[in-house]
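Please work through the following exercises on side-chain contacts and surface features. Each task is followed by a solution in steps.

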Amino acid sequence: SSSSSSDAEFVMEVDPETPDQTNENDPDYVENYDTNDDVCAACSKGGNLVLCDTCPNSYHLECLLPPLKAVPEGDWNCPVCVAKSRGQKVELVPPSVPPDFEFNFDEVEKKWATFLRDRRRTIQNIADRAKVLQAENEALKMKILQAEQRAKQEWEEKREAQAQKHLKFRNAAERMVLALQRLHNYVNGGPAAGATAAKAAAAAKA
């Protein structure tokens with residue numbers, strides 16, 4: 001059985017010379033289980049896995065010692081089950097780590113400091129951009145307000161101009177009516193009647 005490929009960090013080492021004899025009387029033996037694990041029991045990573053037919057454990061082919069080149073045909077017992085059946089101890093061996101490996105705390109600290117510095121720079125850039133957007137928004141609001149005020153002022157000026165035109169037209173119309181009355185009276189009653197009518201009209205207007 002198999003399930004997708006990942007680099008291995010740890011392997012299980014079991015003596016390959018002893019035949020597999022899974023002990024079903026072992027208290028840790030699991031006879032009924034639904035599915036195998038989705039991660040390798042040796043390196044705790046997912047990928048292409050070979051599944052144990054006795055317990056839920058799964059392994060990468062390259063995480064076994066000796067490594068398997070292909071998925072075994074038929075039933076396959078994992079190193080844990082084989083080791084338990086032989087009374088052996090299962091050891092985790094990190095073959096990818098050299099014996100003289102030393103954890104470089106200074107390097108990790110530098111990388112962490114670089115990460116924090118980059119993160120702070122990113123946050124500062126976001127904050128600066130937010131300030132710019134806020135300033136642009138305030139400027140846009142001011143432009144809209146000024147445009148509204150100009151539109152209102154222009155409308156008031158146009159209304160005042162229309163009112164002045166209407167007043168001039170009304171005064172002109174009244175003068176024309178007065179002149180027509182004076183002309184009518186002059187024609188019908190002479191200059192004196194025309195003057196009297198003009199005085200009467202002026203008094204009525206006052």
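The exercises below concern a predicted model and treat salt bridges, aromatic pairs and a surface patch in turn.

**Exercise 1.** Determine how many salt bridges there are, and characterise each one.

*Solution.*
Step 1. The criterion is a side-chain nitrogen of Lys or Arg within 4 Å of a carboxyl oxygen of Asp or Glu. Applying this rule gives three salt bridges.

Step 2. Arg121 pairs with Asp118, with 2.9 Å between the closest N and O atoms. These two residues belong to helix H2 and are three residues apart, about one turn of the helix. Arg121 is partly exposed at 43% relative accessible area, and Asp118 is likewise partly exposed, at 35%.

Step 3. Arg159 pairs with Glu156, the closest N and O atoms being 2.8 Å apart. Their spacing in helix H2 is three residues, about one helical turn. The relative accessible area is 47% for Arg159, which is partly exposed, and 31% for Glu156, which is also partly exposed.

Step 4. Arg170 and Glu174 form a salt bridge with an N to O distance of 3.5 Å. Here the two residues are four residues apart in helix H2, again about one helical turn. Glu174 is partly exposed, with 33% relative accessibility.

**Exercise 2.** Classify the geometry of the aromatic pairs and locate their members.

*Solution.*
Step 1. A pair of aromatic rings is described by the distance of the centres and the angle of the planes. The count comes to two aromatic pairs.

Step 2. For Tyr59 and Trp76, the centres are 6.1 Å apart and the planes make an angle of 75 degrees. Planes over 60 degrees apart count as edge-to-face, so this pair is edge-to-face.

Step 3. Tyr59 lies in strand S3, whereas Trp76 lies in the loop between strand S4 and helix H1; the pair therefore ties together parts that are 17 residues apart in sequence. Both Tyr59 and Trp76 are buried.

Step 4. For Trp112 and Phe115, the centre distance is 5.4 Å and the angle is 25 degrees, so the pair is stacked. Both residues lie in helix H2, three residues apart, about one turn of the helix. Phe115 is partly exposed, with a relative accessible area of 38%.

**Exercise 3.** Identify which residues form the nonpolar patch on the surface, and state their accessible area together.

*Solution.*
Step 1. The patch consists of Met176, Leu180, Leu183, Tyr186 and Val187.

Step 2. Together these residues have about 560 Å² of accessible area.

Step 3. One of the members, Leu183, is located in helix H2, which spans residues 105-205.

Technical notes. Residues numbered from 1 in each chain as written. Predicted model: local features only at pLDDT ≥ 70, side-chain atom pairs only at ≥ 80, totals over all residues. Heavy atoms only, no water. Patch = residues over 30% accessible without salt bridge, like charges linked within 9 Å, V, L, I, M, F, W, Y side chains within 5 Å. Areas by Shrake-Rupley, 256 points an atom, 1.4 Å probe, with all protein chains shown as cover. Buried < 20%, exposed > 50% of the residue type's maximum accessible area, 1.4 Å probe, protein only. Phe/Tyr/Trp six-rings, centres within 6.5 Å; stacked < 30°, edge-to-face > 60°.
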